[in-house]
Amino acid sequence: MDKDQKFQDKTLICKDCGKNFTWTASEQRFYSEKGLKNVPARCEKCRIFYKEKHKFKVSSPIKCSDCGAEGEIAYIPKNKNELILCENCFAKRQKEHQLAKNAKKDVKEI
Ligand SMILES: [Zn+2]
Ligand SMILES: [Zn+2]
């Protein structure tokens, strides 16, 4: 069988925008040559958007001041003394803040 006939254009549904897109035979061959077994989940437009979004995502390696877990945060801390929390502790603290606010108690600022 000729290599080119092995692949045919396929219509897939983009998981981001929900639109149909064509996974072309040449793309399929490219995937196959790279040994990629998964099919693309996004259309070309969304794939570019997705890549860009991730490229510009700011992240700083951190160590959580609360639980000591190491991780990343999606912003650059303004100063080194800033209390830095992992995602879990941050969410927990926000919840506590909210509860404290609701209870009209004094909330000590960090
Ligand atoms: Zn899309
Ligand atoms: Zn933590």
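This section describes the secondary structure, strand pairing and residue environments of a predicted model.

The protein contains four helices and four strands. Read from the N terminus, these elements follow the order α-β-β-α-α-β-β-α. Burial is limited, with buried residues accounting for 3% of the 110 residues. Of the contacts in the protein that join residues at least 6 apart in sequence, 20% link residues at least 24 apart.

The strands β1 (10–13) and β2 (20–23) pair in the antiparallel sense through four bridges. Together, β1 and β2 make a hairpin in which six residues separate the strands. Within the turn of this hairpin, Gly18 adopts a positive phi of about 75 degrees. Across the pairing, Ile13 is placed opposite Asn20 in β2.

Asn20, a residue of strand β2, was examined further. Its C-beta atom has 10 others within 10 Å; since a residue with 12 or fewer such neighbours counts as exposed, Asn20 is assigned to the exposed class. When residues up to four places away in sequence are left out, Asn20 touches Thr11 and Ile13. Ile13 is thus both a contact of Asn20 and the residue that stands opposite Asn20 in the strand pairing. Between Asn20 and Lys10, which are ten residues apart in sequence, the C-alpha to C-alpha distance is 9.9 Å.

The loop that connects β1 and β2 includes Asp16. Asp16 is partly exposed, because 13 C-beta neighbours lie inside 10 Å, and this count falls between the limit of 12 or fewer for an exposed residue and that of 20 or more for a buried one. With residues up to four places away in sequence not counted, the contacts of Asp16 are Arg42 and Cys46. Cys46 falls within helix α3 (residues 44–55). Asp16 and Cys43 are separated by 27 residues in sequence, while their C-alpha atoms are 8.1 Å apart in space.

A second antiparallel pairing joins strand β3 (residues 60–63) to strand β4 (residues 70–73), again over four bridges. Ser60 has Ile73 in β4 as its bridge partner, and Lys63 is bridged to Glu70 in β4. The hairpin of β3 and β4 has six residues between the strands, and Gly68 in this hairpin takes a positive phi near 80 degrees.

Two of the helices were considered in terms of length and burial. Helix α3 comprises twelve residues, and a rise of 1.5 Å a residue gives an expected span of 16 Å; the end C-alpha atoms are 16 Å apart, in agreement with that value. The number of buried residues among the twelve of α3 is zero, so α3 lies largely in the open. Helix α4 (residues 87–102) has 16 residues, for which 1.5 Å a residue gives an expected span of 22 Å; the distance of 22 Å between its end C-alpha atoms agrees. Helix α4 is likewise hardly covered, as shown by a buried count of zero among its 16 residues.

Methods:
Residues numbered from 1 in each chain as written. Chains lettered and ligands numbered in written order. Predicted model: local features only at pLDDT ≥ 70, side-chain atom pairs only at ≥ 80, totals over all residues. Contact = placed C-beta atoms within 7 Å. Pairing = 2+ DSSP bridges. Expected span 1.5 Å × (residues − 1).
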